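Biologist: I've got the sequence and the fold up on my screen. Could you walk me through a few spots in it?

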Amino acid sequence: MLKNWRERVTTTDIIMWLIGGTLLLMIIIGSVATISAGRYTAKHWLDFIVFGLAQGSIYALIAMGYTMVYGVLRMINFAHSEVFMSGPYTAYFVAAFLYGSGYLESHPIFSLFIVLLFSMGTSTAIAILLERIAYRPLRQAPRLVPLITAIGASFFLQYTFRGLYGSGFQAYPIVNILEGHFIIGGFRILRIQLVSILASGLLMAALFAFIQRTRIGKAIRAVSEDKETSALMGINVDRMIVTTFAIGGLAAGAAGLLYALMFKQVHFFMGFIPGIKAFTAAVLGGIGNIPGAMLGGIFLGLIESVGPSLFLDGLGIIAPYQLKDAIAFTVLVLILIFRPTGILGERLAVKKA
Amino acid sequence: MGLLTTKGATKRFGGLVALDSLDIDVKEQAIHSVIGPNGAGKTTLFNCVTGFYQIEEGNISFDGHSLVGLTPDRIVRLGIARTYQNIRLFPHLTAIENVMVGLHGHLKAGIFGTIARLPAVVKEEKEATEEARYLLKFVNLPGKGDFLSKNLPYGDQRRLEVARALATRPKLLLLDEPTAGMNPRETIEMMNFIRRLRDELKITILLIEHEMKVVMGISETVTVLDYGRKIAEGTPREIQSDPAVIEAYLGRGGADEMAKTG
Amino acid sequence: MKQAFKLGLLGGVVQILVSLVGMVMAFTHREIVSETISLGHALVLLVTFFFCHQTVTRSNFPKREDILVASLLTGLTMAACLSLLVLLGELVNLRKVFINASPALYSFLTFDRGLEAGIPLLLFSGILTGALTAFFHRLPAMVRRLLLIPLAAVLVAGILQDLLRGIFAAWGPLGTINEWLFTANGMTIPGTIFIFLLVAALLYLWDIARSPVAGGYSRLPVKTKKSLAWTGYFLLFSILLILPKLLGLFLSEVLTIVGLFILLGLGLNIVVGFAGLLDLGYVAFFAIGAYTMAVLTSPELGFFNLNFWQALPFAVLMGVIWGVLLGIPVLKMRGDYLAIATLGFGEIIRILVLSDFLRPWLGGAQGIARIPRAEIGGFQFGGPQEIYYLILAGCLLVGFISFRLRDSRLGRAWMAVREDEDVAQAMGINLVATKLFAFATGAAFSAISGAIFASKLGSVYPHSFDVMISINILCVIIVGGMGSIPGVIVGAAALIGLPELLREFAEYRFLIYGAVLVAMMIYRPAGLWPEKVHERELHFIEDGRDEALEKT
């Protein structure tokens, strides 16, 4: 009987569960230690949570692009982080111009709207070009080929924008109405964070409704299910794929602007880290699944913001905030190991992939 | 007790029951066919036997070993090899390399032996090449060893797949529609070839087949599946006259056709 | 005609992009023919030529005049786009947005003649390029070859002038060639003509002599062939041995960097090229090798104070252990999931090394310094000319192991897994062992490279190990040809060596890498020096592409 058992449970399974178990145990021990030490007050925690929500809703917006493109093409659009970067970086010059002419001061909301249009427009244009030039010729190629192309496109775009706009950080102009904080129920919440949460929420709801309700949205979902059959049903598959990229670009452009307003700067490399995190969010929610991507983004934002203080601090780690990014990547790896389908997803990663 | 036995094997995909407590017994050195309409669970059966899927209930045993929970590479080492319905060769390896991959489990060269190219490793590699050449000749592909497998014509690819399976030195060979897409002459060649496998190499054959001529022509036992259940089993003659089979397999009005092909 | 115009517009956009990114101006500093033609000129010309060529080859007009007109139209449209850029730049200050839209660029594009004279000249040169392209197209293939390859040779000689000058200078009596061929920047005009004619003559001779030589060689007895091959290897080896002396200090430094990347590339080639596992966190093992070396040897930390040779086996061992440890979780993943997970691993390792948390052991952001040099019996591998031998030995060893593994049962198992994982398993291949062995071997090679890197630099910093290194290595093996061992060397020389030699290239390194990756995947997925098996795979991918084109 024992021999039977040993034949059937492999060493690698055991090691994987050991790694996962150890990490979980550390999280629990760390959290208990932090909470019992009581170093943070309720106000601190609320700050962390609001920041996590704001950050997470931006991740969620970007993640929609990953998840939708994966849905229609079964590929990870590695260059999506550059779609995200291109919008706010280009819109920066519009914002700077508006700021310089004083218009941003006098008509802040309308100005922000113009900047947002530019940001979304650029990102969308880049996303569409990317699909047209880099991905379309490779639709039938073996799986590794489009992925490598995407990596190449990502670096090409990064360094093209660096060449065009320069390699330094550009400080985004300060928008007065987004400064300061609201006081809600006795708690101070930064305005920009609340605005980010609300704006992303609205946009996601709109996009989700578009996908669920409209004819085009239905066509996109049909293409995700089965390209050939959709084509036979008279759906223009190419156009739907472009539309998907465009929607991803719109969301990424908006997310990029919120990100730039929150951190007040843009840079040609700014897409890399949020891009990977948004991908993590997409996997977390189950890639190909749009509500999953939203949930995943928010969850990731929260764990990243609360995590360092909650469990790393309790483990006695010095300067836990330096390990913030490592938490996100650890979550990614853990998810890929234990539940590659994500929270809401179907089982894609292992067999079909 | 045959070579391969399934007892109450059940496999579900979500709500769909692909195999429904299936009992099959494949006798040693038999040519045993599994037939059934599309979606009857024939290929699922193969996938369960070779360990690509795990059954949820029941047991599959081979030559005294239970196969439940074993990975495909362990099962092939016990002596079960297979071919695929839609040919799955390693397209960018040469024909002989394809066959030599099949020999993998019987070669022993380790890391250090390989790097140092110890005499034992050189000898083993030479013998493996010879065995692969012999197998290519056996499946009537002599001198085609250096062709990329994807560049071979369709019929050659089918036979190469068999050679690769034979390289694992199986006791039981699972053939998934071996004559699919072949013209009548090629089909007859393939039937003769399958008989040779059994008669010369003493390999037990379990095959899935749609072509009734093949099924009736070479098999000793036929099992009929429908919706994952076994609805009939017996000699080709018994199956042909079984009303349940005719109804399930050909639908009403198919009996005449069945009589013709027999 | 419409298509010619479209291509012209597209070319114009490319041209403007290249200008605005700053490549044109940066490349003007490198003169090919002294004070006559710079690399910047060559770049603008090449882009124009390329698009005119596209027009000519794609157009199917029956009459020659029509082809000529189409080509002229493309050239003119492109020049018009550039003129528009110049005019726009004169009207509005584009520099606020595009930092490279400088007056110098405009003046370069208008041949330093001002707007009135310059723009007509620019338009005229566009037409001229179009005309030349069409004319060139009508030459016989043989003549085209005899023109094109020597021109390319001139271009290469101009790009590599520092390298050539360095080599000639080191060769004593040959040093006088320098003065005759080169000025301080660029070649002399007689030198250019000389190189052009020399290459053309050699090419002509080669065309005439090729078939008799090849025929004669194939008629030689096997034994003579073998001994010829051995003589060739011996010669190559001797050249490799004296190379640093030939090349001097700077070029030896470049060689050592290329060598380190060859080591890394050979390792990643096993993981990606042989086993088909796309690993984007490969730099982690480079870091592990380097940090193991640093921790074990540096007196700054003072834990162990081993010497290089005592620490090297531990570095390799750590590489293997981590290769397996990081490999286990990703065993079941395929394709893009694997890529992202390994990317995550690479970043986790870098963030951990950088953190204050592990600072007492790994030095945090300051890194670890005072790593001793390697030494054999008093011979210290100090400067690049000495380190070179250490790296050469490493490359030879690793290359040898790669070759042996490739042609073995283990190599076949990797390739079977690459081709079809499920079937490979159904043929009795243990996927876990096979994949972990690939990860471990790749990691070991990378760790050797890291260990040598640490000892070469004398210090390690977390910033040396970011994701760009992984991308660099990936580019090396893709450009060289996935799965091809000589391809790794070609790829490393082209992608690592060239940018080191061309300082003006450095800023555009990743831009060009990215473009090269995309272009390679679309047009030549098998790489520059394809593995025999992959060479055939090229057709497979092309087949796929054709189908894709047919469907659209």
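Modeller: Sure. One term before we start: two strands pair if DSSP finds at least two bridges between them. And keep in mind that this is a predicted model.

Biologist: Okay, which residue stands opposite B:Thr5 in S4(B)?

Modeller: Strand S1 of chain B covers residues 4–13, and strand S4 of chain B covers residues 57–62. The two run antiparallel and are joined by five bridges. Opposite B:Thr5, in S4(B), stands B:Ser61.

Biologist: And on to S5(B): which residue there stands opposite B:Ser61?

Modeller: S4(B) is also joined to strand S5 of chain B, residues 65–66, by two bridges, again antiparallel. The hairpin they form has two residues between the strands, and B:Asp63 takes a positive phi near 55° there. The residue of S5(B) opposite B:Ser61 is B:Ser66.

Biologist: Over to chain A. Which helix gives the most to the largest nonpolar core?

Modeller: That core has 344 residues, and A:Leu61 and A:Ala251 touch the most other members. Away from its sequence neighbours within four places, A:Leu61 is in contact with several residues, including A:Ser200, A:Met204 and A:Ala251. The top contributor, with 17 residues, is helix H3 of chain A, residues 42–73.

Biologist: Last one: does A:Tyr92 count as buried or exposed?

Modeller: A:Tyr92 lies in helix H4 of chain A, residues 80–100. Leaving out neighbours within four places in sequence, A:Tyr92 is in contact with A:Gln170, A:Tyr172 and A:Val266. The cut-off is 20 or more other C-beta atoms within 10 Å. Because A:Tyr92 has 23 C-beta neighbours inside 10 Å, A:Tyr92 counts as buried.

Technical notes
Residues are numbered from 1 along each chain as its sequence is written. Chains are lettered from A and ligands numbered from 1 in the order in which they are written. This is a predicted model: local features need pLDDT of at least 70, side-chain atom pairs count only at pLDDT 80 or more; totals for chains, interfaces and linings use all residues. A nonpolar core is a set of buried Ala, Val, Leu, Ile, Met, Phe, Trp, Tyr and Cys residues joined through C-beta atoms within 7 Å. A residue is buried if 20 or more other C-beta atoms lie within 10 Å of its own, exposed if 12 or fewer, and partly exposed in between; C-beta atoms are placed from the backbone. Helices (H or I, at least four residues) and strands (E, at least two) are DSSP runs, numbered from the N terminus. Two residues are in contact if their C-beta atoms, placed from the backbone, lie within 7 Å.
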